[in-house]
Amino acid sequence: MANIRPRERSAIIQSLRAGVTPRIGLEYIQVGRVNEVKALIKDLDNIADKGSAFRIVIGDFGAGKSFFLQLIRYIALEKGLVVVNADLSPDRRLFASTGQSRNLYKELARNLSTRAHPEGNAMVPLVEKFITEQRRIADEQGLDVEQVIKDKLNSLSELVDGYDFAQVIATYWKAYNDNNEDLKNSAIRYLRGEYTSKADARRDLGVRAIVEDHNVYDHIKLLSRFVTQAGYKGLLVNLDEVVNLYKLPSQRARNSNYEQILRILNDCFQGSAQSIGFLFGGTPEFLMDQRKGLYSYEALHSRLAENTFAQIANVVDYNSPILILQNLSPEEIYVLLCNIRNVFANGKKENYILPDEALTAFLEHCSKNIGDAYFRTPRNTIKAFVDLLSILEQNPDLNWKTLIGNISIESETDSSLVSISSDTVEDSSKENASENTESEDDDDDLTSFTL
């Protein structure tokens, strides 16, 4: 393994210790998932070829969904795509009426990344790359730059709010040419979805529409069209922690968000969306729960149902919109620990903190403590291993044999998920009580009663 830059080494170690996915240096620790990665690379190539893609990546809590999404993000950037990513949360949803959807768009825009700016905040470089290219064309042909920009963005007018979007880009050029920083900032605020008042946007930029809850998806499609005109190959939208939609207490709110997923799915499958792809990361409960998950929404259930022939043949259909992450094998976990050891040693074998026998002993200890969960949901296993290496790095006189037997490792679970069972009266009673406390606007559920 080549030498690892100190910045990448530090980022990888800190992220793994915290149980989160590193944003850089993924190539140093990636193992397994070969078929899944190949399938997603085909999707990225399709996006670059003016197509679209839609995938829901399913895996147990702690099984590596976020790492996989970040890996695909890294590959997309290398292929010349623009990537926006965000974690869904109670205040960031696909559909809402009190600002949560606009919050999601703002987070996506803040995390907008290109190969030259992989850490996000690339909205300004994106716009200026577009303007620089149009300025070059205008100079070569002896044309007015503003007119060239408007002609280039003319195709946006066929999309919702496309005219206003094009006008904002033209306004940014004027501000750029006049060195008007305030006007440039106003244009970027609009593109990032930071305007909350139409009156303010009209006063500053002369536009009538802004990013609001009801048009977030429309503005994402506008952004995908714009990035291709700026010279990139397409837009990848990475949405993780989609299980937060499953956790919404209101059935009406859940269904509204599932309708938005259905709209995105239909656009991607029917060819209405171009140069754009969507990746959703969720847990099995989010997908398969017949009462609160995606399968509770019949239109989605029929479109996302597993390939019957794949079930009969006991194989995986990697072309399905649902991509269920296969478990890492014990051998792959061993290779992963070797990679982490390499990161600590800066890629130099002579600096290894632990011998190979220590890695084997560590995995045996994990297996005895939590069974096969150490490779099915390996996050806690990895965290414990990084903690062990960190202690030994700081205290080289310690004996690893005395430490490994005392490491406490727990199986990874998500205690925030609601367990739903129709088998017991107790669970049913709890469920009814929970629904009675839902928001007042949720009148879809029948009130339980007795005669």
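In this predicted model, six elements each supply at least two residues of the lining of the largest pocket: helix α3 (65-78), strand β2, helix α4 (100-110), strand β3, strand β4 (276-282) and helix α19 (379-394). The most generous contributor is α3, which gives seven residues to that lining. The space in the largest pocket comes to about 880 Å³. Its lining is made up of 43 residues, and those closest to the centre of the pocket are V20, T21, K65, S66 and F67. Sorted by class, the lining has 19 nonpolar residues, alongside 13 polar and 11 charged ones. As a general point, empty space of this kind is revealed by rolling a probe the size of a water molecule over the atoms.

Two of the strands that help to line the pocket, β2 and β3, are also partners. Strand β2 spans residues 82-87, and five of its six residues are buried, so that the strand is mostly covered, buried here meaning under 20% relative accessible area. Its pairing with β3 (residues 235-240) is parallel and runs over six bridges. Within this pair, A86 stands opposite L239 of β3.

A wider view sets these details in context. The protein has 21 helices and five strands. Of its 451 residues, 51% are buried. Among contacts with a separation of 6 or more, 72% join residues that lie 24 or more positions apart. The protein exposes about 21,700 Å², and carbon and sulfur atoms supply 46% of that area.

Terms used. Residues are numbered from 1 along each chain as its sequence is written. This is a predicted model: local features need pLDDT of at least 70, side-chain atom pairs count only at pLDDT 80 or more; totals for chains, interfaces and linings use all residues. Side-chain values use heavy atoms; hydrogens and water are left out. Buried means under 20% relative accessible area, exposed over 50%, partly exposed in between (1.4 Å probe, protein chains only). Helices (H or I, at least four residues) and strands (E, at least two) are DSSP runs, numbered from the N terminus. Two strands pair if DSSP finds at least two bridges between them. Contact means heavy atoms within 4.5 Å. Accessible areas come from the Shrake-Rupley method with a 1.4 Å probe; for residues, only the protein chains shown count as cover. On a 1 Å grid over the protein atoms alone, a cavity is a set of points where a 1.4 Å probe fits but cannot get out, and a pocket is an open set with protein on both sides within 12 Å along at least five of seven lines; lining residues have an atom within 4 Å of a point. Grid points are joined across faces, edges and corners, and a volume is the space filled by probe spheres set on the points. Ala, Val, Leu, Ile, Met, Phe, Trp, Tyr, Cys and Pro count as nonpolar, Asp, Glu, Lys and Arg as charged, and the others, Gly among them, as polar.
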